[in-house]
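Here are a few exercises to work through with the model open. Try each task before reading its solution.

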Amino acid sequence: MSFSTAQFVWMNGECVIWKDANVHVSAHGLHYGSGVFEGIRCYETADGPAVFRLDEHLDRLYASAAAYCMPIPYSKEELAQAIRETISRNRFASCYVRPICFRGSLSLNVHPRNCPVEVVILAWPWDKYLGEEAAARGARITVSPWRKFDSQMMPPVAKACGQYVNSILAVQDAVERGFDEALLLNAEGNISEGSGENIFLVQNGKLVTTGEPDCILLGITRDSVLQFALDLGWQVEIRSCSLDDLMQSDEAFFTGTAVEITSISEVDGRPIGSGRRGPRTETIQKLFADATSGKNPRYREWLHPVTAVVTSAVKQR
């Protein structure tokens with residue numbers, strides 16, 4: 001990941017030079033994690049850059065904000081345009097986009113009360129989260145000693161800033177022990193998800209994935225894979241999965257905006273299936289690549305073209 005080519009940030013209705021995009025150290029979100037965000041990708045297509053499933057990402061952003069009683073002071077249409085403008089101003093053909101809404105500076109009471117809601121959109125080039133090599137050979141993962149928080153503690157379906165401390169603990173532990181990624185179990189000891197990914201198992205040709213009762217974030221890429229499977233006529237089952245289910249699977253893979261589609265080769269040193277990327281995973285990877293690049297017309301409606309229209313002036317700070 002590199003921010004070196006990013007020049008502009010959209011911040012509270014204005015376009016700001018990257019180095020000037022600052023917030024105060026007393027911001028409520030900095031101290032308590034009171035914010036929500038999205039991870040979105042823009043892909044290069046033959047018709048120019050296009051944002052993948054922008055509407056669904058914005059719907060989830062607003063749902064996350066509602067879960068935390070955080071009114072976003074812009075409409076979805078305004079943020080959609082701001083995202084396109086941020087990409088266009090930075091002249092990116094493909095990039096990762098991070099809209100974030102957080103409580104700003106007014107009070108450091110735990111209750112945010114009248115702390116203003118600040119809205120920022122960043123964009124920068126970012127390759128696959130676990131790398132191209134992991135996508136092909138498969139990620140080496142470990143079962144985390146940290147459990148995924150329960151829905152009676154925090155809303156797992158919300159993509160909230162403070163909630164990711166749980167993921168940070170898990171992935172730090174995994175990397176320190178030499179693995180690529182962590183797998184979190186829920187309070188019942190069943191599989192929940194990765195630190196930033198949903199998980200799919202392949203069992204006798206059928207796709208199996210965990211669901212909302214397993215304390216997962218309902219991923220946009222996960223939803224795309226479920227649609228692919230339906231269109232391919234594959235069997236799909238959404239249910240709770242044990243570690244035994246995973247270890248007895250023929251294949252397994254992660255899904256997510258950052259990770260895209262990445263196969264899982266082993267869990268704590270034990271191979272999944274052949275220990276290599278399997279045919280079902282490879283098929284899904286190919287479909288995903290064709291959908292995001294605009295090569296498959298069936299999924300063209302998921303792509304939102306980035307226009308070169310610029311509506312806000314650059315503010316010097």
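Keep in mind that this is a predicted model.

**Exercise 1. Walk from β11 to β13**

Find the residue in β12 that stands opposite Q203, then trace how the chain gets from β12 to β13.

Solution, step by step:

- Start at Q203: its opposite number in β12 is K206.
- Now widen the view to the strands. β11 (residues 198-203) and β12 (residues 206-209) run antiparallel and are joined by four bridges.
- Look at the turn next. The hairpin of β11 and β12 has two residues between the strands, and N204 takes a positive phi near 55° there.
- Move on to the other neighbour of β12. Strand β13 (residues 236-238) runs parallel to β12, with three bridges joining them.
- For a reference pair, take T209, whose bridge partner in β13 is I238.
- Finally, follow the connection: from β12 the chain passes through helix α6 (residues 220-232) to reach β13, and this β-α-β crossover is right-handed.

**Exercise 2. Another hairpin**

How many residues lie between the strands in the hairpin of β9 and β10, and which glycine there takes a positive phi?

Solution, step by step:

- Set up the pair: β9 (residues 181-185) and β10 (residues 191-194) pair in the antiparallel sense over three bridges.
- Pick out L185, which stands opposite I191 in β10.
- Count what lies between the strands: five residues, with G189 taking a positive phi near 90°.

**Exercise 3. Positive phi outside glycine**

Place R91 and E260 in the secondary structure, and decide for each whether it is buried or exposed.

Solution, step by step:

- Recall the background: most residues other than glycine have a negative phi.
- Take R91. Its phi is positive, about 60°, although R91 is not a glycine.
- Locate R91: it lies in the loop between α3 (76-90) and β6 (95-103).
- Check the surface. R91 has 77% relative accessibility, so it counts as exposed.
- Now take E260, another non-glycine residue with a positive phi, near 60°.
- E260 belongs to strand β15 (residues 260-267). With a relative accessible area of 9%, E260 is buried.

**Exercise 4. Cysteines without partners**

How many disulfides does the structure hold? And why can't C215 bond to C241?

Solution, step by step:

- A disulfide is a covalent bond between the sulfur atoms of two cysteines. The cut-off to apply is 2.5 Å between the sulfurs.
- The tally comes to zero disulfides. C15 is in none, and the nearest cysteine sulfur, that of C95, is 13 Å away.
- For C215, the closest cysteine sulfur is in C241, and because it is 14 Å away, it is too far for a bond.
- Add the accessibility: C15 has 2% relative accessibility, so it counts as buried. C215 is buried too, with a relative accessible area of 2%.

**Exercise 5. A patch and a long-range pair**

Which residues make the nonpolar surface patch of about 340 Å²? Then find how far apart the C-alpha atoms of G131 and A258 are.

Solution, step by step:

- The patch is made by W146, V165, I168 and L169.
- Zoom in on I168, which sits in helix α5 (residues 165-176). Its relative accessible area is 44%, so I168 is partly exposed.
- Turn to G131 in helix α4 (residues 131-137). G131 is also partly exposed, at a relative accessible area of 21%.
- Finish with the distance: G131 and A258 are 127 residues apart along the chain, and their C-alpha atoms are separated by 10.0 Å.

Terms used. Residues numbered from 1 in each chain as written. Predicted model: local features only at pLDDT ≥ 70, side-chain atom pairs only at ≥ 80, totals over all residues. Heavy atoms only, no water. Buried < 20%, exposed > 50% of the residue type's maximum accessible area, 1.4 Å probe, protein only. Pairing = 2+ DSSP bridges. Right-handed = clockwise from strand over helix to strand, strands pointing away. Patch = residues over 30% accessible without salt bridge, like charges linked within 9 Å, V, L, I, M, F, W, Y side chains within 5 Å. Areas by Shrake-Rupley, 256 points an atom, 1.4 Å probe, with all protein chains shown as cover. Salt bridge = Lys/Arg side-chain N within 4 Å of Asp/Glu carboxyl O.
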